[in-house]
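Visitor: I'd love a close look at one part of this protein, the strands and what packs between them. Could you walk me through it?

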Amino acid sequence: MLKFGQSDQGVLSEKTIIGQSAVVVGNIVSQNLVQLKGHVVGNIDVNGSPNAQLSVFSQAHVDGDINAQQAVVNGVVNGNIESTGRVELHSGADVKGNISYTTMAIEHGAKLYGMMSSNNAKSN
């Protein structure tokens with residue numbers, strides 16, 4: 001018998017979707033995929049599995065810090081973003097905070113009001 005979100009190969013693909021009309025006041029912690037379409041007032045932590053990723057859609061708004069293995073931003077973030085993997089800022093992104101990343105992609109039209117620093121920086 002398969003559990004919800006589980007394929008016949010036994011791979012659990014759990015996804016959390018926060019809808020456009022939702023407002024979450026408090027912190028969010030997940031180990032898998034999180035799709036944010038609404039508003040979060042609090043910190044978001046998405047780490048733990050190889051597929052851990054936070055997607056901030058164009059209509060979404062975050063007032064808090066993000067710590068995610070991978071972060072894809074196309075909405076508004078008022079807070080710092082820290083990632084052990086890839087950060088993508090798409091054309092609708094409006095980030096007011098610092099970004100720490102391993103790899104970074106910035107699309108034309110994205111706005112960043114803060115500093116970027118690579119986790120790969122090596123001191124000699």
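Guide: Here is a walk that begins with one strand and moves outward to its sheet, the core and a second sheet. Please keep in mind that this is a predicted model.

Let's begin with β4, which covers residues 33-36. In a regular strand the side chains alternate between the two faces of the sheet. You can follow that pattern here: Val34 and Leu36 point to one face and are buried, while Leu33 and Gln35 point to the other face and are not buried.

Now look to either side of β4. Strand β1, made of residues 15-18, pairs with β4 in the parallel sense over four bridges, and Ile17 stands opposite Gln35 there. β7 also pairs with β4 in the parallel sense, again over four bridges, with Leu33 opposite Gln53 of β7.

Those pairings belong to an open sheet of six strands, in the order β1-β4-β7-β10-β13-β16, with parallel pairing. At its edges stand β1 and β16 (103-106); each has a single partner strand, so one side of each is left without a neighbour in the sheet. On average, neighbouring strands of this sheet are turned by 10° against each other, direction ignored. Further along, β10 and β13 pair in the parallel sense over three bridges, and Val72 has Glu88 as its bridge partner in β13.

Next comes the core. The largest nonpolar core has 24 residues, and among those with the most contacts inside it are Leu36, Ile44, Leu54 and Ile66. Several strands each supply at least two residues of this core, including β4, β6 (44-46), β7 (53-56), β9 (66-68) and β10 (71-73). Leu54 makes a good viewpoint: leaving aside neighbours within four places in sequence, Leu54 is in contact with Val34, Leu36, Ile44, Val46, Ile66, Ala68, Gln70, Ala71 and Val72. Two of these contacts, Val34 and Leu36, bring us back to the buried face of β4.

There is one ring to visit as well. Lys37 lies over the face of Phe57, at 5.2 Å from the ring centre. As for ring-to-ring partners, the structure holds zero aromatic pairs.

Now turn to the other six-stranded open sheet, which runs β2-β5-β8-β11-β14-β17 with parallel pairing. The edge strands are β2 (23-25) and β17 (111-113), and each pairs on one side only. The twist averages 5° from one strand to the next. Within this sheet, β2 and β5 (residues 39-41) pair in the parallel sense over three bridges, and the bridge partner of Val23 in β5 is His39.

Just past β2, in the loop between β2 and β3 (28-30), you will find Gly26. Gly26 is partly exposed, because its relative accessible area is 24%. The C-alpha atoms of Gly26 and Gly42 are separated by 4.7 Å, although the two residues are 16 residues apart along the chain. Not counting residues up to four places away in sequence, Gly26 touches Val40, Val41, Gly42 and Asn43.

Our last stop is Ile28, in strand β3. Its relative accessible area is 13%, under the 20% limit, so Ile28 is buried. Ile28 and Asn43 are 15 residues apart in sequence and 6.4 Å apart in space, C-alpha to C-alpha. Beyond residues up to four places away in sequence, Ile28 touches Ile18, Val40, Asn43, Ile44 and Asp45. One of these, Ile44, is also among the core residues with the most contacts.

Conventions
Residues numbered from 1 in each chain as written. Predicted model: local features only at pLDDT ≥ 70, side-chain atom pairs only at ≥ 80, totals over all residues. Heavy atoms only, no water. Core = buried A, V, L, I, M, F, W, Y, C linked by side-chain atoms within 4.5 Å. Buried < 20%, exposed > 50% of the residue type's maximum accessible area, 1.4 Å probe, protein only. Contact = heavy atoms within 4.5 Å. Pairing = 2+ DSSP bridges. Axes fitted to C-alpha atoms, helices over the stretch in contact; angles between N-to-C directions. Phe/Tyr/Trp six-rings, centres within 6.5 Å; stacked < 30°, edge-to-face > 60°. Lys NZ or Arg CZ within 6 Å of the ring centre and 35° of its normal.
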